[in-house]
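Please open the model in your viewer, set it to a cartoon with side chains available on demand, and follow the stops below in order.

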Amino acid sequence: VLGACAIAYLTKLSGFLVPDSLLERPWVTTVSAGMTVGLLTSLVTVNTLVSGTSLVLDARVAALAAAALALWLRAAYIVVVLVGALAAAAVRFAVH
């Protein structure tokens, strides 16, 4: 664990050593923005559709769909969170 902590710290520290001229290149901005979206999408997908080692369709899927709809309608962040939570609660109540 301590070794992993040291590697993570050194990786983060090495980011400060990258020259600004490299970071200001347009392709770096494009790649980093694309990686951020891709990583966030995969994290949301895995946390929504996977339970243990199997795929599941449960209240989390309904919550994600409701929250996505609220985002599409440009709702405030707290409204998006509440809509997702209420959708999950409604599905869980309906199923049980």
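**A stop-by-stop tour**

Begin by selecting Thr 48, which counts as buried because its relative accessibility is 8%, under the 20% cut-off for that class. Bear in mind throughout that this is a predicted model. Thr 48 belongs to helix α3, which covers residues 26-49. Now show what surrounds Thr 48: setting aside neighbours within four places in sequence, the residues in contact with Thr 48 are Val 56, Asp 58, Arg 60, Val 61 and Leu 64.

Two of those contacts, Asp 58 and Arg 60, make the next selection. Their side chains meet in a salt bridge, with a distance of 3.2 Å from N to O, and a search of the whole structure finds one salt bridge. In general, side chains of opposite charge can pair when their charged atoms come close. How exposed are the two partners? Asp 58 is partly exposed, at 33% relative accessibility, and Arg 60 is likewise classed as partly exposed, at 26%.

Move next to the loop between α4 (59-72) and α5 (77-95), and pick out Arg 74 there. The backbone deserves a look, since the phi of Arg 74 is near 65°, a positive value in a residue other than glycine. Most residues other than glycine have a negative phi. Arg 74 is also exposed, with a relative accessible area of 75%, which is over the 50% cut-off.

Continue into helix α5 and select Ala 85, which at 43% relative accessibility counts as partly exposed. Add Ala 63 to the selection and draw the distance between the two C-alpha atoms: the residues are 22 apart along the chain, yet these atoms are separated by 6.3 Å.

Switch to a surface view and colour Tyr 77, Ile 78, Val 79, Val 81, Leu 82, Val 83 and Leu 86, which together make a nonpolar surface patch of about 680 Å². One of these residues, Val 83, lies in helix α5 and counts as partly exposed, at 30% relative accessibility.

Finish at helix α1, residues 2-15. Its 14 residues reach 20 Å from the first C-alpha to the last, close to the 20 Å expected at 1.5 Å a residue. How many of the 14 residues of α1 are buried? The count is zero, and α1 is accordingly described as hardly covered, in contrast to the buried Thr 48 where the tour began.

Methods. Residues are numbered from 1 along each chain as its sequence is written. This is a predicted model: local features need pLDDT of at least 70, side-chain atom pairs count only at pLDDT 80 or more; totals for chains, interfaces and linings use all residues. Side-chain values use heavy atoms; hydrogens and water are left out. Helices (H or I, at least four residues) and strands (E, at least two) are DSSP runs, numbered from the N terminus. Buried means under 20% relative accessible area, exposed over 50%, partly exposed in between (1.4 Å probe, protein chains only). Contact means heavy atoms within 4.5 Å. The expected span of a helix is 1.5 Å times one less than its number of residues. Patches are made of residues with over 30% relative accessible area and no salt bridge: like charges are joined within 9 Å, nonpolar side chains (Val, Leu, Ile, Met, Phe, Trp, Tyr) within 5 Å. Accessible areas come from the Shrake-Rupley method with a 1.4 Å probe; for residues, only the protein chains shown count as cover. A salt bridge is a side-chain nitrogen of Lys or Arg within 4 Å of a carboxyl oxygen of Asp or Glu.
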